[in-house]
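Visitor: I am new to this structure and would like a close look at a single part. Could you take me through the salt bridges and the place where the two chains meet, and then show me what lies around them?

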Amino acid sequence: MKLLEMRNVKKSFDDLEVLKGISLEVNQGEVLAVIGPSGGGKSTLLRCATTLETVDSGFISIGGDTLVDTDANGKSHYADKHKLTEIRSKFGLVFQNFNLFPHFSVRRNITEALVHVHKMTRAEADKVCDELLVKMGLENKGNAYPCNLSGGQQQRVSIARALATNPEILFFDEPTSALDPELTKGVLKVIRDLAEEKMTMVIVTHEMSFARDVADRIIFMDGGVIVEEGPATELITNPKNDRTKAFLAGF
Amino acid sequence: MVTDMYSTFLQLLDGFKYTLIIFGATLLFSIPLGLLVAKGRMSRNRIVSGLIRLYISVMRGTPLMLQLMVVYFGPYFLFNISLRDLTIGNVDYRVTATIIGFSVNYAAYFAEIFRGGIQSIPKGQYEAAQLLGFTRSQTFFRIVLPQVIKNVLPSVTNEIITLVKDTSLAQVLAVTEMFTAAKGQASSQSSIMPLVMAGVFYYVMNGIIEIIMNRTERKLNYYN
C-alpha cells in the first residue's frame, strides 16, 4: 500500500524553481532516504509533503488521502481545512532543529497534543509517553525541560513527540545535522530501531553510511530533480549517474 | 508638626485610593487591549494594520495629559454631548475619562512590547504546533503566549512602574489622586513635606511592584 505518493510536484520561490517536477512513491513499511547537495531541493520536497509549503502544481497523497491535485488548467487544489487536519494526523515530522516547546517539560511536549487534540485522558497520554520514553532511552527525563537536555536527547524527545500520535508515516528533515558527531549515534540508533519495526519513513540525511544501512531505497536529488534512484546499497556503492558519483566521492 | 504630618498622611492616603483605582483599572484594560492591538498591528489586512499603526503613533507621539483632556472635554466640544454628569456606579466621569485615556494610551505601548515578543517566537514553534494538530488559538494560548510573557516581562515591568508615576497626570481632570492631594497640602501648609511624603508613597509602591515582578521573572526562569 502506498503511504506517500508525489507526482510531478513543482515549487518555485519567486523566480527560483526549487522542485522541477518530482515524482516518488513510498510503500508501507519502506524506508526511503533522500540525499544530495545543499540547495538541491531535499528540504523543500519534505516541507511540501508535510504541508509546510504549498506546491505550485502536482499531486500529493498521504495514506490514500489526496492532499493536493492539479486540474487540467494547471491550477492546484488543496484539501479543505477539515481534511488537512485529518491528513496531518497521519504523519509526523522530526525537524532538523527539534522545535520542542521550551516552556513544557519533556512529558508535556509529548502528551500535550494527545490530551488537547486527540482528547486522551491524562492517564492514557502518560502511558503512551512512558512507553515512548523507554523506547527512546529517556526513562528518567520525563520531568526535565528541553534546555536541560543534550541535543541528541532533545532530538529523541522530538521523535517521541512525533510518534505519540501514532502516525502511519514519519518524515525526518536532516535529524542529525544540528548535532555534535558524538550525539548523532543515539538518534540514529532510535531510527534504526524504528526501521526494524517496519515503520514507514522518509529521511533527508547527510549521513551516507546510515542511509545505506537503514534505507531500503535512496533518492539522489540535485538541482530540483531526482537524478538517480535505486536500492540503498547499490546506489551508494555503485552509482550510475556522474553527478551522483561526484557527490558520493566527497564522503 | 506631628499632627500636621499625620493629617497630611491621611489626606494622601485618601488620594492614594484614586491612584490605586487608576493604576489597577488601567492595567486591567490596557494589557488585554494591548494584546488585541498587537494582533491588529500584525494583521495581513493593510487597512487594519495601517489604522493601528496610526493609532500607536498618535498615542506615543502626543502627551498623555493632552489625551486625557481630549477624552474628558472632547465629547462636549466635538459633539456637544455633556458627559459630566455621567456616573458609572458611583464613579465620577472624571475618573472614568482618566481610566479610558490611560488605558488607550498604555495599550499602544503594551502593543508594541507584545508585538516584539510575539515576533521573537521562532517560526518552527508554529510549524511544530500545526503539524501536531493544534488549532490556531490553541497554538497561540498554549505555545506562543506563555513564551511571549516570559520574553516581555522586563519591558512590561518598566511600563508598570512608569504608570504608577503617570497616575499623577490625572490632576489635569481635577481627580484628587494622591499627587493632587499632596500639592493642596503643600500650599496650605507652605511646606514641602507633603510632596516628599507623596514621593515616598510612589517609591514604596514601585518597590513592591519590583519585588513582585522580580519574583515572577524568577519563577519563569525554569527554562531558557
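Guide: Let us start with the salt bridges. This is a predicted model, and a search of the whole structure finds 27 salt bridges over all chains. Side chains of opposite charge can pair when their charged atoms come close. One of the pairs to look for is Asp65(A) with Lys83(A), where the closest N and O atoms are 3.2 Å apart. This pair links distant parts of the chain: Asp65(A) sits in strand β5 (residues 65–70) of chain A, Lys83(A) is in helix α2 of chain A, and the two are 18 residues apart.

Now turn to the place where the chains meet. Between chain A and chain B the count is two salt bridges. One of them is formed by Arg142(B) and Glu112(A), and here the closest N and O atoms are 3.2 Å apart. Eight residue pairs, both members at pLDDT 80 or more, are in polar contact between chain A and chain B. On the side of chain A that touches chain B, the elements giving two or more residues are β7 (91–94) and α3 (106–116) of chain A. Of that side, α3(A) provides the largest share, with four residues. Sorted by class, the residues of this side of chain A are twelve nonpolar, six polar and five charged.

Step back to take in the whole contact. On one side are 23 residues of chain A, and they are in contact with 19 residues of chain B. Together the two chains bury about 2,000 Å² between them, and carbon and sulfur atoms give 63% of this area. Within chain A, the residues that lose the most area to chain B are Arg88(A), Phe101(A) and His103(A), which together make up 29% of what that side buries.

Next, the open spaces. The largest pocket holds about 1,200 Å³ of space. Its lining has 27 residues, and those closest to its centre are Arg44(B), Tyr126(B), Gln130(B), Arg136(B) and Thr139(B). Both chains take part in this lining: the elements that give two or more residues are α2 (81–88) of chain A together with α4 (93–119), α5 (123–132) and α6 (136–166) of chain B. The helix α2 of chain A is where we met Lys83(A) earlier. By class, the pocket lining has nine nonpolar, nine polar and nine charged residues.

There are closed spaces as well, with a count of two cavities of 30 Å³ or more. About 40 Å³ of space lies in the second largest cavity. Its lining is made of Leu4(A), Met6(A), Leu24(A), Leu32(A), Leu45(A), Leu46(A), Ala49(A), Phe171(A) and Val202(A). At least two residues of this lining come from each of β1 (2–13) and α1 (42–49) of chain A, and α1(A) gives the largest share, three residues. The lining of this cavity divides into nine nonpolar, no polar and no charged residues, whereas the lining of the largest pocket includes nine charged ones.

Finally, a word on chain B as a whole. Chain B has eight helices and zero strands, and along its sequence the pattern reads α-α-α-α-α-α-α-α. Taken along the principal axes, the C-alpha atoms of chain B fill a box of roughly 70 × 50 × 30 Å.

Notes: Residues are numbered from 1 along each chain as its sequence is written. Chains are lettered from A and ligands numbered from 1 in the order in which they are written. Side-chain values use heavy atoms; hydrogens and water are left out. Contact means heavy atoms within 4.5 Å. Buried area is the accessible area (1.4 Å probe) that two parts lose on being put together, summed over both. A salt bridge is a side-chain nitrogen of Lys or Arg within 4 Å of a carboxyl oxygen of Asp or Glu. A polar contact is a pair of N or O atoms within 3.5 Å; within protein, one must be able to donate a hydrogen and the other to accept it, and residues adjacent in sequence count only if both atoms are side-chain atoms. Ala, Val, Leu, Ile, Met, Phe, Trp, Tyr, Cys and Pro count as nonpolar, Asp, Glu, Lys and Arg as charged, and the others, Gly among them, as polar. On a 1 Å grid over the protein atoms alone, a cavity is a set of points where a 1.4 Å probe fits but cannot get out, and a pocket is an open set with protein on both sides within 12 Å along at least five of seven lines; lining residues have an atom within 4 Å of a point. Grid points are joined across faces, edges and corners, and a volume is the space filled by probe spheres set on the points.
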